[in-house]
Amino acid sequence: MRFDNVLTRMLGVRYPIIQGAYGWPGTGTSAIAAAVSEAGGLGILTTICYKNPDQFAEDVKQAKAATDKPFAVNFTLMKDTKFTNDWHEEYIRITLDEGIRTVFTSAYDGSVIGRRFKDAGCNWIHKCATIEHAVSIAKKGADAVVLVGLEGTGYKNPNQNTTLINMTAARRLVPVPLIAAGSIGDARGFVGALAMGAVGVYMGTLFMATREFQAPDKLKQKIVNQSILDSDYNRKIYGQDHGGRHSLACGVIDSVPPVQTVIETLVREAEEVMAELKSWGMAD
Ligand SMILES: Cc1cc2nc3c(=O)[nH]c(=O)nc-3n(C[C@H](O)[C@H](O)[C@H](O)COP(=O)(O)O)c2cc1C
């Protein structure tokens, strides 16, 4: 299947498939990002997962050595923590010096950092959890917005909506391309998001269950073995206390393959889903 849309053109990638940011120490690094980019998606390095800017600079070089395809950098901003615009200063300089073309901001208002990259001619994409924040950041100049549904991982906002509402209803309110996130983990979720109006998908839990993700096997097996029928787990996912654990995407993840296999499977099965729709007289 050939993908050619506003997102693949903006990012310079083969597939509109983006790997989520991971702020846990040592996880959102070149090991996963370069693998995703090399397989045709967009990998992301997450600044807050590094010990210091030197380690980040070294890892940008590692990513470049591992792939000649585009990858991005995420700047996670958290209110009332050390992760402010100022904290990111040195990481911003390195990202600009290294000529990285796409940056993501997330969580808190990313417009100060975003505008600096836009002034330098880069793509700026912001990730947020509510429709209100998506509308606001689009007005501040973001080129696209990742909207994370209630069923995704990350800290919850009381005004958060589901991925379905985000992509259908919010689509009419947000004036820039929307990227879907939140419990997407297979080809049906991928095709479904595109059908709902997203220009691409952004996935965290799925890429954690890969060989390249830098975490103990035990954690990956937890994703594979997690039952979404477990009411305690379900409450945690939808509760306000939810931190960086895996999402309900675990319901469609049953192995820990290499990234290349994950992306090839997504694309091949997306073709099968489209063929199924065509056999019903749809999507001709
Ligand atoms: C272990 C873990 C760490 C994460 N750390 C960050 C982070 O530092 N910054 C951020 O913007 N998002 C972070 N996220 C959220 C993901 O980037 C992404 O938005 C989320 O995983 C999408 O939902 P999904 O897991 O259902 O695909 C993290 C997610 C996980 C699972």
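**View 1. Q19 and its partner across the β1–β8 pairing.** In this predicted model, Q19 has M203 in β8 as its bridge partner. The pairing of β1 with strand β8 (residues 200–203) is parallel and runs over three bridges. As general background, strands of a sheet pair through backbone hydrogen bonds, in either a parallel or an antiparallel way.

**View 2. The open sheet.** Step back a little, and eight strands come into view as an open sheet with parallel pairing, ordered β1-β8-β7-β6-β5-β4-β3-β2. At the edges stand β1 (17–19) and β2 (43–46); each has a single partner strand, so one side of each lacks a neighbour in the sheet. On average, neighbouring strands here are turned by 25 degrees against each other, with direction ignored.

**View 3. Helix α5 on the sheet.** Here you can follow helix α5 (residues 111–119) as it lies across β3, β4 and β5 (123–128). Relative to β5, helix α5 runs at about 160 degrees.

**View 4. The shell around the ligand.** Which residues come nearest to the ligand? Of the 28 residues around it, these are G20, G23, G152, G204 and S247. Elements giving two or more residues to this shell are β3 (71–77), β4 (102–107) and α9 (205–208). If you are thinking about residue classes, the shell divides into 16 polar residues, 11 nonpolar ones and one charged residue.

**View 5. Where α8 meets α12.** Helix α8 (residues 187–196) packs against helix α12 (residues 259–279) at an angle of about 65 degrees, and their axes are 8 Å apart. The crossing of α8 past α12 is right-handed. On the α8 side you will find A187, R188, F190 and V191, which meet L266, E269, A270, V273 and M274 of α12. By class, this contact has seven nonpolar residues, two charged ones and no polar ones.

**View 6. The whole chain, for orientation.** To place the close-ups, note that the chain has 12 helices and eight strands. Its C-alpha atoms fill a box of roughly 55 × 40 × 40 Å along the principal axes. The radius of gyration is 18 Å, which agrees with the value near 19 Å for a compact globule of 284 residues.

Terms used:
Residues numbered from 1 in each chain as written. Predicted model: local features only at pLDDT ≥ 70, side-chain atom pairs only at ≥ 80, totals over all residues. Near = placed C-beta within 6 Å. Helix = DSSP H or I, 4+ residues; strand = E, 2+ residues; numbered from the N terminus. Nonpolar A, V, L, I, M, F, W, Y, C, P; charged D, E, K, R; others polar. Axes fitted to C-alpha atoms, helices over the stretch in contact; angles between N-to-C directions. Left-handed = near helix turned anticlockwise from the far one by under 90°. Contact = placed C-beta atoms within 7 Å. Pairing = 2+ DSSP bridges. Rg over C-alpha atoms; globule rule 2.2 N^0.38 Å.
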